[in-house]
Amino acid sequence: GILFSIVLVTCFAFIGNTQSPASATDVLKEAYRQAAKENKNVFVIFHASWCGWCHKMDKSMNDPVCKKFFDDNYITRHLVVDETKDKLALENPGAKELMIKYNGDGQGIPFWLIFDKDGNLLSDSKMREKGEGPEKGVNTGCPASEKEVTFFVSKLQKTSKLNAEQLEVIRKRFRQNE
């Protein structure tokens with residue numbers, strides 16, 4: 001009986017590790033549900049395994065000095081896009097189409113979007129000049145320069161309950177990326 005159980009568990013573990021990633025739609029549905037329950041917004045980051053700036057974004061957001069600020073205000077989800085040919089299986093089905101829908105195609109990654117619990121777009125990672133529409137602008141990706149970080153912090157301020165002191169901690173942390 002014990003050997004059979006071990007074989008069964010091993011098979012299920014193997015099957016579990018080979019399933020394809022959740023679709024972008026499913027990832028967002030789950031995030032919106034959780035955001036509604038916890039009274040938060042949804043922070044979506046489009047990234048890839050090879051992307052150094054994507055890793056910097058994650059490292060910055062997960063830094064102990066500011067991780068709680070993000071966790072208390074956002075449900076953060078990653079969608080994999082633009083993988084190398086040998087890692088295409090990591091991509092979330094529909095993620096690239098979602099990125100295109102929100103004018104992120106050709107912008108590079110990380111590309112991020114902030115939604116409310118109902119799926120309404122509140123902000124994205126593109127800096128625009130006054131009067132430029134959603135199709136315009138330059139992706140800030142993982143903010144690092146003074147201008148990018150100031151932009152990022154202004155978006156966090158508008159889409160969270162973060163106070164000035166907390167935003168300053170985030171600003172300082174992201175400035176270390178330069």
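Two residues are in contact when heavy atoms of one lie within 4.5 Å of heavy atoms of the other. With that in mind, look at the whole chain of this predicted model: among contacts between residues at least 6 apart in sequence, 65% join residues that are at least 24 apart.

**The whole chain**

Colour the chain by secondary structure, and you should be able to pick out seven helices and six strands. Following the chain from the N terminus, the elements come in the order α-α-β-α-α-β-α-β-β-β-β-α-α. If you then colour by accessibility, 41% of the 178 residues count as buried.

**Strand S2 and His78**

Select residues 74-80, which form strand S2, and find His78 within that strand. Is His78 buried, exposed or partly exposed? His78 has a relative accessibility of 30%, and because this lies between the limits of under 20% for buried and over 50% for exposed, His78 counts as partly exposed. Now show the residues around His78: leaving aside neighbours within four places in sequence, His78 is in contact with Ile45, His47, Asp58 and Asn92. You can also draw a distance from the C-alpha atom of His78 to that of Val27, and the separation is 8.6 Å, although these two residues are 51 residues apart along the chain.

**The loop between S2 and H5**

Move on to the loop between S2 and H5, where you will find Asp82 and also Leu88. Asp82 has a phi near 55°, which is a positive value in a residue other than glycine, and with a relative accessibility of 29% Asp82 counts as partly exposed. Leu88 is partly exposed as well, with a relative accessible area of 45%. From the C-alpha atom of Leu88 to that of Ala48 the separation is 9.9 Å, and these residues are 40 residues apart along the chain.

**The loop between H5 and S3**

Next, select the loop that runs between helix H5 (95-101) and strand S3 (111-115), where Pro110 lies. Look closely at the link between Ile109 and Pro110, which is a cis peptide bond with omega about 0°. The loop between H5 and S3 also holds Asn103, which has a positive phi of about 60° although Asn103 is not a glycine. At 27% relative accessibility, Asn103 counts as partly exposed.

**Helices H6 and H7**

Finally, select residues 146-159, which make up helix H6; these 14 residues reach 20 Å from the first C-alpha to the last, close to the 20 Å expected at 1.5 Å a residue. Show the side chains of Val149, Phe151, Phe152, Val153, Lys155, Leu156 and Thr159, which are buried in H6.

Add helix H7, residues 164-175, and look at how the two helices lie: their axes come within 10 Å and cross at roughly 150°. Because angles over 145 degrees count as roughly antiparallel, H6 is described as roughly antiparallel to H7. The crossing of H6 and H7 is right-handed.

Which residues of H6 meet residues of H7? On the H6 side they are Glu146, Val149, Phe152, Val153, Leu156 and Gln157, and on the H7 side they are Leu167, Ile170, Arg171, Phe174 and Arg175. Sorted by class, this contact has seven nonpolar, one polar and three charged residues. As you compare the positions along a helix, remember that an α-helix has 3.6 residues a turn, so residues three or four places apart point the same way.

Methods. Residues numbered from 1 in each chain as written. Predicted model: local features only at pLDDT ≥ 70, side-chain atom pairs only at ≥ 80, totals over all residues. Heavy atoms only, no water. Helix = DSSP H or I, 4+ residues; strand = E, 2+ residues; numbered from the N terminus. Expected span 1.5 Å × (residues − 1). Buried < 20%, exposed > 50% of the residue type's maximum accessible area, 1.4 Å probe, protein only. Axes fitted to C-alpha atoms, helices over the stretch in contact; angles between N-to-C directions. Parallel < 35°, antiparallel > 145°, perpendicular 65-115°, else oblique. Left-handed = near helix turned anticlockwise from the far one by under 90°. Nonpolar A, V, L, I, M, F, W, Y, C, P; charged D, E, K, R; others polar.
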